[in-house]
Amino acid sequence: MNELLASIEQKVRPLIGQGKVANYIPALANVNPNQFAIAVYSNDGQVFQAGQASTNFSIQSISKVFSLALAIKHNGEEMWQRVGREPSGNPFNSLAQLEYEAGVPRNPFINAGALVISDMNQSRFASPHYAMREFIRRLADNPNIRTDKVVAASEYEFRARNASMAYLMKAFGNFDNDVEAVLHNYFDSCAVSMNCIDLAKAFSFLANKGYSKHNNEQVLTPKETAHVNSLLATSGLYDEAGSFAYHVGLPGKSGVGGGIIAIVPNRFSVCVWSPELNKSGNSLAGIAALEALSESIGWSVFG
Ligand code: DON
């Protein structure tokens with residue numbers, strides 16, 4: 001596996017230069033684009049890696065999977081009245097659909113949906129940021145994981161679009177807490193810094209019927225795990241979810257920091273990272289690497 005990952009790194013590194021580092025969050029624009037990493041974590045606890053797999057990066061929207069898992073643990077089925085389970089076919093930060101669908105976001109992974117999930121977690125926890133951070137640290141088995149406060153502050157300063165979504169949902173009655181407080185917690189989660197090994201390990205429970213072996217915790221039930229994986233497969237890559245399913249064939253979630261996690265149910269969890277993004281805001285070299293990996297091992301869940 002390590003040899004395969006090294007050969008995939010060789011294959012996709014030349015793509016660096018063809019994408020664009022996210023710059024709508026100014027603190028992310030300073031990242032060195034010439035970086036690549038991949039880590040694979042097997043259900044029996046082995047780590048395989050290539051590239052800068054111990055280099056931290058901003059997890060951004062990958063954090064939405066942690067917040068969704070936390071919300072599912074603490075809310076019943078009624079939570080799905082506030083957020084849908086359908087692909088949006090729109091960019092992750094689109095406002096248009098939210099207006100004509102009366103403030104109910106299509107799914108928990110577009111920004112509007114993640115903001116509703118953050119609102120639910122805000123209602124549930126005395127200190128939502130602390131709850132999220134402890135949850136992530138436990139799942140990754142790494143007590144040193146932190147929020148990059150510079151990135152979080154930059155996101156808050158340039159919050160206009162996310163704030164618009166949250167206030168629009170509040171106008172429709174789909175937002176319970178103070179918008180600015182929820183935005184702070186949402187950005188603190190997006191601005192968490194982790195590396196590929198941390199992330200592959202943290203999401204191993206999604207490859208293992210909800211069970212996190214390294215900390216002996218049933219994080220979600222097998223059924224809840226299948227639900228999260230189905231949402232990842234249909235909405236994890238926004239308006240590129242269809243072609244990701246077609247080419248990679250795995251549940252996955254991207255972030256504008258250039259990270260992507262992917263789940264091979266019952267076998268592996270994977271994280272890939274390269275900061276340059278394509279037009280949909282997903283890592284360009286990262287998608288190419290996952291495609292090569294999935295194809296060479298025949299990992300597609302679609303057969
Ligand atoms: O709210 C935002 O726009 C960012 N904190 C997260 C967006 C993101 O990562 C979209 N993913 N590709």
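Mentor: Let's start with a term: a salt bridge is a side-chain nitrogen of Lys or Arg within 4 Å of a carboxyl oxygen of Asp or Glu. Keep in mind that the model we are reading is a predicted one.

Trainee: Thanks! How many salt bridges does the structure hold?

Mentor: The structure holds eleven. One of them joins the side chains of E101 and R106, with N and O 2.7 Å apart. In another, the side chains of E77 and R85 meet at an N to O distance of 3.9 Å, which still counts because the cut-off is 4 Å.

Trainee: Is E77 buried or exposed, and what about R85?

Mentor: Here you read the relative accessible area: under 20% is buried, over 50% is exposed, and anything in between is partly exposed. E77 has 55%, so E77 is exposed. R85 has 47%, so R85 counts as partly exposed. In the other pair, E101 is partly exposed at 24%, and R106 is partly exposed at 25%.

Trainee: Which residue forms a salt bridge with D141?

Mentor: That partner is K201, and the closest N and O atoms are 3.4 Å apart. The pair links distant parts of the chain, 60 residues apart: D141 sits in the loop between α5 (128-140) and β5 (146-147), while K201 belongs to helix α9 (residues 196-202). D141 is partly exposed at 44% relative accessibility, whereas K201 is buried at 19%. There is also a network to look for: R82, D119 and D176 are joined into one by salt bridges that share partners.

Trainee: Let's turn to the ligand. How many residues surround the ligand, and which are the closest?

Mentor: For this you ask which residues have a heavy atom within 4 Å of the ligand. The shell has 15 residues, with Y24, Q60, S61, E155 and Y186 the closest. By class, the shell contains six nonpolar residues, eight polar ones and one charged one.

Trainee: Which polar side-chain atoms should I look at around the ligand?

Mentor: Look for pairs of N or O atoms within 3.5 Å. S61 places a polar side-chain atom 2.6 Å from a ligand oxygen. The side chain of Y186 has an N or O atom 2.7 Å from an oxygen atom of the ligand. For Y238, the side-chain N or O atom lies 3.2 Å from a nitrogen atom of the ligand. As for cover, the ligand taken alone exposes 350 Å², and the protein buries 99% of that.

Trainee: What is the phi of Q60, and where is the place of Q60?

Mentor: Phi is a backbone angle worth checking residue by residue. Q60 has a positive phi of about 45°, although Q60 is not a glycine. You will find Q60 in the loop between β4 (57-58) and α2 (63-74), and Q60 is buried, with a relative accessible area of 3%. Y238 is another case: its phi is positive, about 55°, and Y238 is not a glycine either. Y238 lies in the loop between α10 (222-235) and α11 (241-247), where its relative accessible area of 5% makes Y238 buried.

Trainee: Which residues does S280 touch?

Mentor: To read contacts away from the local chain, set aside residues up to four places away in sequence. On that basis S280 touches F92, Y238, D239 and E240. S280 lies in the loop between β12 (276-277) and α12 (284-297) and is buried at 17%.

Trainee: And which residues is N229 in contact with?

Mentor: Leaving aside neighbours within four places in sequence, N229 is in contact with L206, P251 and I263. With L206 you can be more specific: a polar atom of the N229 side chain lies 3.0 Å from the backbone oxygen of L206. N229 lies in helix α10 and is buried, with a relative accessible area of 9%.

Trainee: One last residue: where is E99 found?

Mentor: E99 is found in helix α3 (residues 96-100) and counts as partly exposed at 47% relative accessibility. Beyond neighbours within four places in sequence, E99 is in contact with L168 and F172. For a distance along the chain, take E99 and S123: they are 24 residues apart, and their C-alpha atoms are separated by 24 Å.

Definitions and conventions: Residues numbered from 1 in each chain as written. Predicted model: local features only at pLDDT ≥ 70, side-chain atom pairs only at ≥ 80, totals over all residues. Heavy atoms only, no water. Polar contact = N/O pair within 3.5 Å; in protein donor to acceptor, adjacent residues only side chain to side chain. Areas by Shrake-Rupley, 256 points an atom, 1.4 Å probe, with all protein chains shown as cover. Nonpolar A, V, L, I, M, F, W, Y, C, P; charged D, E, K, R; others polar. Buried < 20%, exposed > 50% of the residue type's maximum accessible area, 1.4 Å probe, protein only. Helix = DSSP H or I, 4+ residues; strand = E, 2+ residues; numbered from the N terminus. Contact = heavy atoms within 4.5 Å.
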